[in-house]
Amino acid sequence: MSRILERQLRLIHTSDVHLESDTFGSGPRGDMFRHSVRRAFAGVIDVANSKRADLMLIVGDLFDSNRIADDALEFAMNQIARAQMPVVMIPGNHDAHDERSIYAAISPGALPGNLHLILDPEGVSLDFPKLAARVWGRALVEHSPEYRPLSGMPEPAPHLWNIGLAHGFFTESETNRSSPITPEEIAASGYDYIALGHIHVFGDVSQGRTRALYCGTPAPLYASSEAGWVLQVDCIPGEPLGVQRLLVGGAMPGADAFDTQ
Ligand SMILES: [Mn+2]
């Protein structure tokens, strides 16, 4: 029986911003790099607002580490608060939810009202009834070969858009990579969309009827010309998902969007 979905849903999918990297070093040069990453994250929020997205997904590694100064944390939360839609976020391996977790240190009252931060290591589904959407994700605690970002995914719900979030390494063969995600897991999910993070460049690893994509980093520094993008995903009843890459900041006229299908 086909599902009856009447509501369109527009997602903006980002990951791997890596705010506040200390690999840039100290001094003016490091500050300049860190500032450009902050600008990129602000650009992601601008894109989501200008495209009137219904939901934003931040799929891990918003921060480069768990050693983040108060002003940087405040900057990130103020940016998220600027988004005119709900934002669902999971930690990644750089900002893992372990004993040093930056997220554990934030009191829930200090989070922006539109931020749904998933910190449950076993995974949790969040319902957005007005959007006819259910979003599942789990918090990465330890980036290891034993950790499987897609394990424990519940069955998809009928009559809803089923969306998953996962921060890990897509692999078709058995390897010893940490946080592996396999084609079989994606195919078996039955979900409409799995938003992936960890790989810094765009990648389409869709399986069967489930679309699964890496959005790539929006920051201009981590993947040369392949950096600086977010994904817009349009879920339209009765149609294949529409996926577009959008350039953050719009610095290149004429190159701000192209269809990947
Ligand atoms: Mn990562």
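## The E11–E12 hairpin

E11 and E12 run antiparallel and are joined by two bridges. Asp204 is placed opposite Leu213 of E12. The hairpin of these two strands has six residues between them. In that hairpin, Gly208 adopts a positive phi near 60°. The model described here is predicted.

E12 covers residues 211–214. Both of its faces are covered. Arg211 and Leu213 are buried on one side. Ala212 and Tyr214 are buried on the other. Leu213, the residue facing Asp204, thus belongs to the side of E12 that also holds Arg211.

## The whole sheet

The hairpin strands are part of an open sheet of six strands. The order is E5-E6-E7-E10-E12-E11. Pairing is mixed. Strand E5 (124–128) and strand E11 (203–204) stand at the edges. Each has a single partner strand, so one side of each lacks a neighbour in the sheet.

Strands of a sheet pair through backbone hydrogen bonds, in a parallel or an antiparallel sense. Here, E11 with E12 is an antiparallel pair, while E10 with E12 is a parallel one.

## From E12 to E7

E10 spans residues 193–197. Four bridges link E10 and E12 in the parallel sense. Ile194 lies opposite Ala212 in E12. Ala212 is one of the buried residues of that strand.

On to E7. E10 and E7 also pair in the parallel sense, over five bridges. Ile194 appears again: this E10 residue is the bridge partner of Gly164. Ile194 therefore links to both sides, with Gly164 as one partner and Ala212 opposite it in E12.

## E7, enclosed on both faces

How many of the seven residues of E7 are buried? Seven of the seven are, so the strand is largely enclosed by the rest of the structure. One side carries Trp161, Ile163, Leu165 and His167. The other carries Asn162, Gly164 and Ala166. Both faces are covered.

## E6 against E7

E6 comprises residues 133–137, and E7 comprises residues 161–167. The two strands run parallel and are joined by four bridges. Ala133 faces Trp161 in E7. Trp136 faces Gly164 in E7.

Gly164 is thus a shared point in the sheet: Trp136 stands opposite it, and Ile194 is its bridge partner in E10. Gly164 is also buried, on the side of E7 that includes Asn162 and Ala166.

Technical notes:
Residues are numbered from 1 along each chain as its sequence is written. This is a predicted model: local features need pLDDT of at least 70, side-chain atom pairs count only at pLDDT 80 or more; totals for chains, interfaces and linings use all residues. Two strands pair if DSSP finds at least two bridges between them. A residue is buried if 20 or more other C-beta atoms lie within 10 Å of its own, exposed if 12 or fewer, and partly exposed in between; C-beta atoms are placed from the backbone.
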